[in-house]
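Let's take a walk through this structure together, starting from the inside and working outward. Have your viewer ready and follow along.

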Amino acid sequence: MARTHDITAGRSRALRIAELTLGVLVAVLLMAMMMVTTIDVFGRYLLSRPLPGAFEITEIMLGMIIFIALPLVCLHEENVAVSLVTERFSSRTREIHAVIVSIICSGVLLLVAWRLLMHAVQLASYGDVTIFLRVPKGPIGYTMAGFTTLAALAQLVVAAEHWRRLRAAPSRLR
């Protein structure tokens with residue numbers, strides 16, 4: 001697998017800014033989740049007063065972190081991969097395989113995004129909220145569907161990059 005610098009080197013400025021923005025957003029949410037947990041633990045054990053709604057806040061932030069990080073994982077090709085067979089492929093065949101797999105993954109992610117959207121619409125139509133803090137669940141679902149769609153687009157970017165490498169140097173990849 002290529003190093004991160006090699007992967008992001010040819011990307012547009014807009015794409016690099018989007019990557020940075022998503023990364024900062026994930027980092028901020030992780031820090032906020034750590035703070036909520038810390039406040040809850042100290043409040044619970046030192047003051048006998050846990051932070052009200054800490055579990056729900058943590059649950060929502062964890063879901064957001066996962067779905068916001070998904071496009072980054074796709075763009076950097078940091079997903080889990082088993083290469084028992086593909087490591088024996090030629091460079092050209094590996095690039096072709098990467099294009100096909102990226103397109104399939106994009107399709108699967110679009111399917112997941114569509115189902116998340118349908119579920120979010122249903123949650124919003126019911127006016128479903130979290131139990132303790134009464135946070136509406138519909139917007140959370142819409143956000144998750146949106147970031148899953150971004151992940152699908154990220155997979156298409158990865159497929160295009162592999163395709164470009166395949167077309168740029170066909171003799172080099174033998």
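Leaving aside neighbours within four places in sequence, which residues is Ile 68 in contact with? Keep in mind as you look that this is a predicted model. With those neighbours set aside, the contacts of Ile 68 are Leu 22, Leu 25, Val 26, Leu 29 and Phe 147.

Ile 68 also belongs to a bigger picture. The largest nonpolar core has 18 residues, and Ile 68 is one of those that touch the most other members, together with Leu 29, Met 64 and Met 144. At least two residues of this core come from each of helix H2 (13-46), helix H3 (54-75) and helix H5 (137-168). The biggest contribution is that of H3, which gives 8 residues. Apart from this core there is another one, made of 6 residues that include Cys 74, Leu 109, Ala 151 and Ala 154. As a general background, nonpolar side chains in soluble globular proteins tend to be buried together.

Now step back to the whole chain. The protein chain holds 5 helices and 0 strands, so reading along the sequence gives the pattern α-α-α-α-α. Its C-alpha trace spans about 70 × 40 × 35 Å along the principal axes. The radius of gyration is 20 Å, whereas a compact globule of 174 residues would have one near 16 Å. Of the 174 residues, 33% count as buried. The exposed area of the protein chain is about 11300 Å², with 70% of it supplied by carbon and sulfur atoms. What about contacts along the sequence? Taking those between residues at least 6 apart, 75% join residues at least 24 apart.

Next, turn to the aromatic rings. The structure has 0 aromatic pairs. One ring does have a charged partner, though: the charged end of Arg 115 sits over the ring of Trp 114, at 4.9 Å from the ring centre.

Let's finish in a loop. Pro 136 is placed between helix H4 (91-126) and H5. Is Pro 136 buried, exposed or partly exposed? Its relative accessibility is 44%, and because buried means under 20% and exposed means over 50%, Pro 136 counts as partly exposed. Not counting residues up to four places away in sequence, Pro 136 touches Asp 128 and Val 129. For a sense of distance, pick out Val 36 as well: Pro 136 and Val 36 are 100 residues apart along the chain, and their C-alpha atoms are separated by 20 Å.

Definitions and conventions:
Residues numbered from 1 in each chain as written. Predicted model: local features only at pLDDT ≥ 70, side-chain atom pairs only at ≥ 80, totals over all residues. Heavy atoms only, no water. Core = buried A, V, L, I, M, F, W, Y, C linked by side-chain atoms within 4.5 Å. Buried < 20%, exposed > 50% of the residue type's maximum accessible area, 1.4 Å probe, protein only. Helix = DSSP H or I, 4+ residues; strand = E, 2+ residues; numbered from the N terminus. Contact = heavy atoms within 4.5 Å. Phe/Tyr/Trp six-rings, centres within 6.5 Å; stacked < 30°, edge-to-face > 60°. Lys NZ or Arg CZ within 6 Å of the ring centre and 35° of its normal. Rg over C-alpha atoms; globule rule 2.2 N^0.38 Å. Areas by Shrake-Rupley, 256 points an atom, 1.4 Å probe, with all protein chains shown as cover.
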